[in-house]
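Visitor: Mind going through this one with me? I'd like to start with the empty spaces.

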Amino acid sequence: MRVSECMTRDVRMANPDETAAQAATKMAELDAGILPVSENDRLVGMITDRDIAIRGVAMNGGPDAKVRDLMSSEVLYCFDDEDVDDVLRNMSEQQIRRLPVLDRNKRLVGIVSLTDLACS
């Protein structure tokens, strides 16, 4: 089975110029703890609720801190045509729970979680 068969396709994204408060609001609406960050149709990072809490609030960034200053810019990802077992093994080795999914043109097409892969 391919990742494209079990990933979530409708992914909301943050923009690097949005504030921590705007990103947190999106997360609350989605009941999600992570958002891909895109700029000019390209994945440039990921921001988590923990990034907002630790990098933002705890380091005096506050709700007006920019996503670009809080996000992780080194992003692990997988491709939509990869085999589920291979991606699951990689996520386990890297100890991550979610991955953005890109097509071979490196455009974001979804997000996949351990739960998505385990149910396949």
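Visitor: Which residues lie nearest the centre of the second largest pocket?

Guide: Thr 8, Leu 30, Ala 32, Ile 34 and Ile 111, out of 16 lining residues. A pocket here is an open set of 1 Å grid points over the protein atoms alone, where a 1.4 Å probe fits, with protein on both sides within 12 Å along at least five of seven lines; lining residues have an atom within 4 Å of a point. Keep in mind this is a predicted model: local features need pLDDT of at least 70, side-chain atom pairs need 80 or more, and totals for chains, interfaces and linings use all residues. Numbering runs from 1 along each chain as its sequence is written, and side-chain values use heavy atoms, without hydrogens or water.

Visitor: Which elements give two or more residues to that second lining?

Guide: β1 and β5 (108-113). Strands are DSSP E runs of at least two residues, helices H or I runs of at least four, numbered from the N terminus.

Visitor: And what's the volume of the largest pocket?

Guide: About 500 Å³, counted as the space filled by probe spheres on the points, which are joined across faces, edges and corners. Closest to the centre of the largest pocket are Ile 34, Met 46, Thr 48, Ser 72 and Ile 96, from a lining of 19. β2, α2 (49-57) and β4 (98-102) each give two or more residues, and α2 has the largest share, five. The second largest pocket comes to about 260 Å³.

Visitor: Switching to β1: how many of its residues are buried?

Guide: Five of the six in 34-39, with buried meaning under 20% relative accessible area (1.4 Å probe, protein chains only).

Visitor: In which sense does β1 pair with β2?

Guide: Antiparallel, over six bridges, with β2 at 42-48; DSSP has to find at least two bridges for strands to pair. Pro 36 sits opposite Met 46 in β2. The hairpin has two residues between the strands, and Asn 40 takes a positive phi near 55 degrees there.

Visitor: Last one: is Glu 18 buried or exposed?

Guide: Glu 18 counts as buried because its relative accessibility is 17%. You'll find Glu 18 in the segment before α1 (20-30).

Visitor: What is Glu 18 in contact with?

Guide: Leaving aside neighbours within four places in sequence, Met 13, Lys 26, Ala 65, Lys 66 and Val 67, where contact means heavy atoms within 4.5 Å.

Methods. Buried < 20%, exposed > 50% of the residue type's maximum accessible area, 1.4 Å probe, protein only.
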